[in-house]
Amino acid sequence: MSDRTEGLYPQGEEETEALLKHTAEIKNAYLLEMLRRTVGNEHGRVVIWAILEEAGIYSLSFDPERDSNTNFREGRRSVGLALLSQLMTTNPVAYHDMQEEARARDDYFKSQAEGRVKDLVYSVT
């Protein structure tokens with residue numbers, strides 16, 4: 001232990017490292033449980049799905065024009081992939097449910113938009 005860290009680890013450096021590791025494990029288990037609860041209802045699944053879509057997990061990150069765009073997209077995608085990994089660890093069935101619900105929502109929104117477009121066209125003529 002160096003002079004700078006002396007006194008920061010009253011129980012010893014090894015014990016402190018073990019405590020930090022155990023604390024991180026407890027925190028991770030807590031977050032996974034909160035994710036499990038979040039995707040346990042439709043409202044939570046809608047929000048998680050929106051985050052995954054925004055993260056662009058199934059989109060290309062590469063921008064041949066600008067490396068900075070590629071780096072930004074890869075960072076965003078990395079966060080989305082981490083969330084997806086946690087979701088698959090917690091409740092893989094929820095991901096399938098989210099896909100089906102998103103497909104149904106998209107169909108509903110499309111039908112609503114088509115109806116409004118038709119109304120606009122008929123009102124103009």
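**Why these labels fit**

Of the 14 residues in the largest nonpolar core, those touching the most other members are Val39, Ile48, Leu52, Leu87 and Met98. A nonpolar core is a set of buried Ala, Val, Leu, Ile, Met, Phe, Trp, Tyr and Cys residues joined through side-chain atoms within 4.5 Å. Helix H2 (42–55), H3 and H4 each supply at least two residues of this core. The model is predicted: local features need pLDDT of at least 70, side-chain atom pairs count only at pLDDT 80 or more, and totals for chains, interfaces and linings use all residues. Residues are numbered from 1 along each chain as its sequence is written, and side-chain values use heavy atoms, leaving out hydrogens and water.

Q: Why is asparagine 71 called exposed?
A: Its relative accessible area is 56%. Exposed means over 50%, buried under 20% and partly exposed in between (1.4 Å probe, protein chains only), so the label fits.

Q: Why does aspartate 63 count as buried?
A: Aspartate 63 has 12% relative accessibility, so it falls under the 20% limit for buried.

Q: What makes arginine 36 and glutamate 33 a salt bridge?
A: Their closest N and O atoms are 2.5 Å apart. A salt bridge needs a side-chain nitrogen of Lys or Arg within 4 Å of a carboxyl oxygen of Asp or Glu, so this pair qualifies.

Q: Why does arginine 105 have no salt bridge?
A: The nearest side chain of opposite charge, glutamate 101, is 4.6 Å away. The limit is within 4 Å, so arginine 105 is left without a salt bridge, though it is buried.

Methods. Lys, Arg positive; Asp, Glu negative; His and termini not counted. Helix = DSSP H or I, 4+ residues; strand = E, 2+ residues; numbered from the N terminus.
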